[in-house]
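Student: Could we go through this protein together, step by step, starting from its overall fold?

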Amino acid sequence: REPLLNTSFIAMEGSVPFVNFRWNKIANASHYEIQLAEDADFVNVVGTFSARSTRYTLKMEVPEGRVFWRVRAFINGTPTEWSQVRNINVLYQ
């Protein structure tokens with residue numbers, strides 16, 4: 001999966017960081033859902049996004065600091081369990 005665990009992204013203040021996410025394909029998945037949060041328990045969710053492939057480019061400003069993400073597949077309309085939680089570090093300069 002990408003980005004690798006504990007990867008840091010630096011963006012200019014006021015700009016939108018482009019972060020590319022990638023994960024392993026799940027057999028028979030119609031689409032995937034990727035979720036970002038400010039905490040590893042996903043209490044403070046930043047956003048939930050849908051992707052038809054195993055890649056998603058985030059094009060929005062996210063909170064500075066550690067951002068957690070996870071992904072799940074949908075097979076015949078039913079979601080799988082969430083993946084392992086991973087994180088990135090976002091810095092604005």
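**From strands to core**

Tutor: Along the sequence, the protein chain follows the pattern β-β-β-β-β-β-β-β, where strands are DSSP runs of E with at least two residues, and helices are runs of H or I with at least four, numbered from the N terminus. This is a predicted model, in which local features need pLDDT of at least 70 and side-chain atom pairs count only at pLDDT 80 or more, while totals for chains, interfaces and linings use all residues. Residues are numbered from 1 along each chain as its sequence is written, and side-chain values use heavy atoms, with hydrogens and water left out.

Student: Which element gives the largest share of the largest nonpolar core?

Tutor: A nonpolar core is a set of buried Ala, Val, Leu, Ile, Met, Phe, Trp, Tyr and Cys residues joined through side-chain atoms within 4.5 Å, and buried means under 20% relative accessible area, exposed over 50%, and partly exposed in between, with a 1.4 Å probe and protein chains only. The largest such core has 18 residues, and among those with the most contacts inside it are F21 and W23. Elements giving two or more residues to this core include β2 (18-22), β3 (31-37) and β6 (65-75). The largest share, 4 residues, comes from β6.

Student: Is N28 buried or exposed?

Tutor: N28 lies in the loop between β2 and β3, and has a positive phi of about 70° although it is not a glycine. Its relative accessible area is 67%, so N28 is exposed.
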